Each structure stands twice: as structure tokens, then as C-alpha cells.
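Visitor: I would like a close look at a single part of this structure, namely its salt bridges. Please take me through them with some care.

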Amino acid sequence: MLILSTLSLRTDKYQVSSARRAAVIVNPVKVDGDDFRRTVEKALAARGYENPLWLETTEDDAGVTMARRSIDEAVDLVLVAGGDGTVRVVCAELAGTDIPAGVLPAGTGNLLARNLGISLELETALAEVLDGSDRRIDSVRVEGDQLPADRFVVMAGLGLDAAIIADAPEDLKKRAGWAAYVVSTLKNLNHPFVRVEITVDDQPAVRRRARTVVLGNVGTLQANIPLLPDAAPDDGRIDAVLLTPRRVSQWPRLLLGLVLKSWREEHLQRFTGRRIQVRAERTVRRQLDGDTVSNGTSLTAEVDASALVVRVP
């Protein structure tokens, strides 16, 4: 009897806890800290999670160190709350780890959340993510001149696209959200052309005069505008669109071409492939998932199929 009791104590001593643990990576500029924390901790506790690992991004570190610590701690789920830029940085580190990322939208665009069908309201998003299922999606490797090797999960662009993001008024973004991008778009409709060369996989290069080039892992913008209607985050491909209106008066027709897939529009051209390279004849603005990056002349994107696990409704 004593031997059995001793064995039982030893078994209990070395028993591994089955409780799950989440890391919560927060951009403190984007969320109301105390209310947000209480809401998240309540939702996690109700589903049997241990006390979460709380990590805040900083001005100098948009999420790299925080994501790596989450990986080192072997958490079961990483909740990331911030804008698309914060989400991009964290997801770049999580790619290839099999640790699921749960997006709690708190930014201006929230494009990954929108394209994954996640609510923009916190409590609803928490329920959708915590009670949802894991889905593998693609991550896109990207590089270019004056741009270290990186990744994106939403869209990268150069030209007008990047100018719109860079020129959106910060105070208006805080007050009106994505409507700030509408204001910036109107301001930049006459953004200058740039001659570009686009190469898809091993196909011959195509040369155009474009206002902007956008490469996408997903396709829908705010207001449900299908910029890349055939894009899917798990299809193992990258989609691209060139917008080439010569005059401001041609923008209305081009917008119809964006909204109506059946509308044939000569100033809009789309491509798809596993690797897409864009070269511009001069230095232009560039962006990755809504964050401006260094100006340059090229972007090369290559899909890393099914590299990222995300939690979806």
C-alpha cells in the first residue's frame, strides 16, 4: 500500500498540465490597454486558458522580439492586436512554426481580418478566434533594393498605392478610420506614372506605364472593394494588378472595373503566379501591408505556400 501511495505521488509530481496558454501581442498605440486586457483575459479564462503571456510592441520593435518569445515559450496560440503592420511582423515570425495566429483587429485597415471573415468588434472577434478552427494560409516572401528580406500576408505595392498610405492624415485615421485613405486617394489621383517591368514566374517580361502596382495574398480592400478578385490566401499563388489610367477622367471607369469583374477595362491589368518581380525605371514609394518601407525600384515576391496557421471563425 505504501509503495502504491509513493508511486501515485511521483506520478502526480511529474504530471504535465493540459491547460492551454496564449500569448497576447499588443500594439499599445492601437488599443485601450486596461479595458482590452480585462476583456481578453475574461474570454481566455472562460475557455480554460492559463494566464496569458502579455507582450507589448515598441516604437523600435514592431513585434519581432515579442513573436520570438512567444515561440520560445511554446504557447498554443498567439493573439495579435494592432494594425496590419503589427499583424504582418508577428505573422512573419510565426510562419513555419505551426503556432496559430489569432487576429484581433485594432488598426485602420484591418485587411487580413476582413479577408479572413473576422469581426472588427473585439468581443465578437475574440469569440470567433477562440472558438474557431485553424486554417493554413500562404505567407509571401518579399525583397527588393534597399529592402531586407521580409514577408507580407496582405498586400505589397509601389507607386500610387504606397503614396496613398503614406499621405493618409494620422489625425483623420484616428477619428475616421479607413476614410482617411479616401481623402489621400483623392489627393493623389494625379500621382505620376512610372515605367515598370513585371515578370511572372518564367514568362516573358511585360512593360507598362503604371500609376501603381499591387501584389496581393488576399484581394479585398475596405468597403469590400475586390482589388484582386481571384486572390485567395491559401491558393499557393500571388496576384498582381497594374492600374494605368492616363487621365483623372478615366478613374470612374477604372473603379467600375475594380468593382465589376465582368467589366472590361483597358487601364487595369491583372496577373497571377508563384513568383512576381516588379522593376521600376526610377525610385518610387513602396509599402508592405499598409506600412511604408524604404523607397526603391523593385519588389520581388515569392509565395511560401501554407506556411502560416491562422485561427478563423
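Guide: What follows is an account of the salt bridges and of the surroundings of the residues that form them.

This is a predicted model, in which local features need pLDDT of at least 70 and side-chain atom pairs count only at pLDDT 80 or more, while totals for chains, interfaces and linings use all residues. Residues are numbered from 1 along each chain as its sequence is written, and side-chain values use heavy atoms, with hydrogens and water left out.

A salt bridge is taken here as a side-chain nitrogen of Lys or Arg within 4 Å of a carboxyl oxygen of Asp or Glu, and by this rule the count comes to 14. For the surroundings, buried stands for under 20% relative accessible area, exposed for over 50%, and partly exposed for what lies in between, with a 1.4 Å probe and protein chains only. Strands are DSSP runs of E with at least two residues, numbered from the N terminus.

One of the salt bridges joins R311 to D134, with the closest N and O atoms 2.5 Å apart. Because R311 lies in strand β14 and D134 in strand β5 (residues 133–144), this pair ties together parts that are 177 residues apart in sequence. Of the two partners, R311 is buried, at a relative accessible area of 10%, whereas D134 is partly exposed, at 47%.

Another salt bridge is formed by D304 and R141, whose closest N and O atoms are 3.3 Å apart. This pair, too, links distant parts of the chain, since D304 belongs to strand β14 and R141 to strand β5, with their positions 163 residues apart. Here the acidic partner, D304, is buried, with a relative accessible area of 16%, while R141 counts as partly exposed at 38% relative accessibility.

A further salt bridge connects E73 with R69, and the closest N and O atoms of that pair are 3.7 Å apart. Both residues fall in the partly exposed range, E73 with a relative accessible area of 35% and R69 with one of 41%. These two residues also take part in a network of salt bridges that includes R21.

To draw the pairs together, strands β14 and β5 are linked through R311 and D134 and also through D304 and R141, whereas R69 and E73 are linked in a network with R21.

Notes
Helix = DSSP H or I, 4+ residues; strand = E, 2+ residues; numbered from the N terminus.
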